[in-house]
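Let's take a friendly walk through this model, from the overall fold down to a few individual residues. Please keep the sequence and the 3D view at hand as you read.

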Amino acid sequence: MDVLSSRFLLKPSDPAVTTAFYRDVLGLAVYREFPAGTVFFLGGGLLEIVGSGEQGRTADVALWLQVRDLDTEVATLRERGVVFDREPRREPWGLDEAWLSDPDGTRIVLVQIPADHPLRVDVRTP
């Protein structure tokens with residue numbers, strides 16, 4: 001498979017409320033807008049808010065967003081009124097995570113990878 005681009009499609013119960021959450025509360029940059037939705041930058045991917053959902057929340061889906069400074073992002077989001085589902089903590093697998101939910105209950109995992117975590121260690125031999 002030769003993937004040229006990718007995006008995560010989210011069909012919320014109230015597109016205006018969800019779009020405002022990702023734009024104004026999380027502060028994601030807008031990639032493009034069109035009559036039926038909005039597409040946001042997600043680092044190397046995209047998040048598209050489009051249409052209206054019918055199925056509702058599922059615990060099987062989560063957005064995993066790696067950030068540079070978890071404490072700073074959590075403080076900024078608290079100032080914007082975000083209540084966290086789970087406070088920042090070091091997980092058994094070594095990542096620092098904080099969990100929150102969007103207006104429809106989709107889990108958002110903010111992740112900071114510690115400097116000494118294996119994901120940051122260069123495993124190439126010189």
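## A buried acidic residue

A residue counts as buried when its relative accessible area is under 20%. This is a predicted model, and Glu-91 is a good place to start looking at it. Glu-91 has a relative accessible area of 5%, so this residue is buried.

Where along the chain does Glu-91 sit? It is in the loop that joins strand S6 (86-90) to strand S7 (96-101). Setting aside residues up to four places away in sequence, Glu-91 touches Arg-86 and Glu-97. If you would like a long-range yardstick, Met-1 is 90 residues from Glu-91 along the chain, and their C-alpha atoms are separated by 33 Å.

## The overall fold

Stepping back, the protein has two helices and eight strands. Their order along the sequence is β-α-β-β-β-β-α-β-β-β. The C-alpha trace spans about 50 × 40 × 25 Å along its principal axes.

Of the 126 residues, 36% count as buried. Among contacts with a separation of 6 or more, 50% come from residues 24 or more positions apart. The accessible surface comes to about 8200 Å², and carbon and sulfur atoms account for 52% of that area. As for charge, the protein carries 14 positive and 20 negative charges, and the mean positions of the two sets are 2 Å apart.

## The nonpolar core

Which residues have the most contacts inside the largest nonpolar core? In this core of 21 residues, they are Tyr-22, Leu-26, Leu-47, Phe-84, Leu-100, Ile-108 and Leu-110. At least two core residues are supplied by each of H1, strand S4 (45-50), strand S5 (62-66), helix H2 (70-79), S7 and strand S8 (107-112).

Tyr-22 is worth selecting in your viewer. Not counting residues up to four places away in sequence, Tyr-22 touches Leu-10, Gly-27, Leu-28, Phe-40, Leu-47, Ile-49, Leu-63, Asp-102 and Ile-108.

## Helix H1 and Thr-19

Tyr-22 is one of the buried residues of H1, alongside Thr-18, Thr-19, Phe-21 and Val-25. After the helix comes Gly-27, which has a positive phi near 75°.

Thr-19 lies within H1, which covers residues 15-25. Is Thr-19 buried or exposed? Its relative accessibility is 10%, so Thr-19 counts as buried. A polar atom of the Thr-19 side chain lies 2.8 Å from the backbone oxygen of Pro-15. Beyond its neighbours within four places in sequence, Thr-19 is in contact with Thr-38, Phe-40 and Ile-49. Phe-40 and Ile-49 also appear among the residues that Tyr-22 touches.

## Ala-62 in strand S5

For our last stop, look at Ala-62, which lies in strand S5. With 38% relative accessibility, Ala-62 counts as partly exposed. Leaving aside neighbours within four places in sequence, Ala-62 is in contact with Arg-107 and Val-109.

How far apart are the C-alpha atoms of Ala-62 and Val-50? They are separated by 17 Å, with the two residues twelve apart along the chain.

Note on methods: Residues numbered from 1 in each chain as written. Predicted model: local features only at pLDDT ≥ 70, side-chain atom pairs only at ≥ 80, totals over all residues. Heavy atoms only, no water. Helix = DSSP H or I, 4+ residues; strand = E, 2+ residues; numbered from the N terminus. Buried < 20%, exposed > 50% of the residue type's maximum accessible area, 1.4 Å probe, protein only. Polar contact = N/O pair within 3.5 Å; in protein donor to acceptor, adjacent residues only side chain to side chain. Contact = heavy atoms within 4.5 Å. Areas by Shrake-Rupley, 256 points an atom, 1.4 Å probe, with all protein chains shown as cover. Lys, Arg positive; Asp, Glu negative; His and termini not counted. Charge placed at Lys NZ, Arg CZ, Asp CG, Glu CD. Core = buried A, V, L, I, M, F, W, Y, C linked by side-chain atoms within 4.5 Å.
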